[in-house]
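Biologist: Let us go through this model together. I will ask, and you reason from the atoms.

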Amino acid sequence: MSIVRPFNVEQVRSDFPVLNREVHGKPLVYFDTAASAQRPVAVIEAIDDFYRRHNANVHRGVHSLSQEATDLYEGGRKKLADFINAASDREIVFTRGTTEAINLVAQSFLRPVLNPGDEILVSHMEHHANIVPWQMLCQQTGAVLKVIPINQRGELEIESLPDLLTERVKLVGLVHISNALGTVNPVAEVCRMAKKSGIPVLIDGAQAMPHTPVDVQALGCDFYCLSGHKMYGPTGIGALWAREATLEAMPPWQGGGEMIRRVTFEDTTWNDVPAKFEAGTPHIAGAIGLGAAVDYLSSFDPAEIAVHENTVLEYASQRLQEIEGLRIIGTAHHKAGVISFTLKDVHPHDLGTVIDHYGIALRTGHHCAMPVMQFFGVPATARVSFGLYNTVSEVDALIEALLSAREMFV
Ligand code: PMP
């Protein structure tokens, strides 16, 4: 990875056109990156350039535009493969995002081998995307969903794992960084523990990709799922990483064009991986935009991004605690990019609406993680989440807005 730019937050901000706009007459403060990050101009231009100059379908054409489109699309795959240190770009299956990647693993990898009474293990802090596909699979097969507990800080109770990792467990699904709490999970350690019992591990990397360098080989997982839009790329594109041999052993999931080698009415043979899992015309511009997002992220030293984001996170955690009646939900020792909180008994939606009038975008609700809300005994939280473009002075603006809102409600 070649490092081309020192990290300078003001320069970074100028890469994101939307940050120039105002909301309700105030400069936009975007604290909703965990829901979807903003896009740098490099990503916007890569997509624009594709549609203006190269647009055609991929893989099937001999004409120049189709070949250019194919090169750009496959270039996106190669960039992503290098970014997460995959052994080969054949290990990257493009999907619509993390959700689709998890469903693919559930239906193609796990469903054929599951028997009634088998277990799937997930943690108590999972996003619904890493709960519901397994629950559906349990309904289809008679398998059982089991839960790794968390503690009051919102950390994984890793000491409970040895007892939970029985021979009945056929897969562990774990979030790398929790979108509701910000907890960074010890995923490599969990992989090591599961591997001792020969249990495959799927990591939901949706929130980790923008915050931390991911090396799938070093992590030791079997599946890594990610979404383009969380890492400054487009919506509607993401990926599943798995070893080539694993993907080869898995049956196709969706049927259609592109995933076949030969079709007759009697029989069909499958294409090689990853095409076997990419039925139909893919999100070509999305893959190109994701490649541009990878280039963008790779243009910084990841350690510099982490230092900056941690500064903002620490500062915000500290300042939020100055507000009387504010409770932070999720106080893990190792956190990244997210702070969930409640303010007395003010409904988070009301809080979010008032805060929006200060030009500040934060998210309110259950963050697609209802079981974690149930654990903490709250129906919803307000959540601020940070990207590499956020600053401590934006945090000051948030604190002022929250203090005014507090006057209004409490
Ligand atoms: N997992 C986590 C931790 C997430 O934050 C999200 C998105 N909020 C998802 C999975 C689902 O991602 P997508 O909607 O892009 O498929």
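The ligand site comes up before the cysteines.

Modeller: This is a predicted model, so local features need pLDDT of at least 70, side-chain atom pairs count only at pLDDT 80 or more, and totals for chains, interfaces and linings use all residues. Residues are numbered from 1 along each chain as its sequence is written, and side-chain values use heavy atoms, with hydrogens and water left out.

Biologist: Which polar side-chain atom lies 2.5 Å from a nitrogen atom of the ligand?

Modeller: A polar contact is a pair of N or O atoms within 3.5 Å. H229 places a polar side-chain atom 2.8 Å from a ligand oxygen. For Q207, the distance to an oxygen atom of the ligand is 2.7 Å. The 2.5 Å pair with a ligand nitrogen involves a polar side-chain atom of D204.

Biologist: How many charged residues are in the shell around the ligand?

Modeller: Asp, Glu, Lys and Arg count as charged. The shell has three nonpolar and eight polar residues. Its charged residues number two.

Biologist: How many disulfides does a search of the whole structure find?

Modeller: A disulfide needs two cysteine sulfur atoms within 2.5 Å. The sulfur of C138 has its closest cysteine sulfur in C225, 17 Å away, which is too far for a bond. C368 is in no disulfide either, with the sulfur of C225 nearest at 16 Å. The search count is zero.

Biologist: Is C138 buried or exposed?

Modeller: Buried means under 20% relative accessible area, exposed over 50%, and partly exposed in between (1.4 Å probe, protein chains only). C368, at 33%, is partly exposed. C138 has 10% relative accessibility, so C138 counts as buried.

Notes: A polar contact is a pair of N or O atoms within 3.5 Å; within protein, one must be able to donate a hydrogen and the other to accept it, and residues adjacent in sequence count only if both atoms are side-chain atoms.
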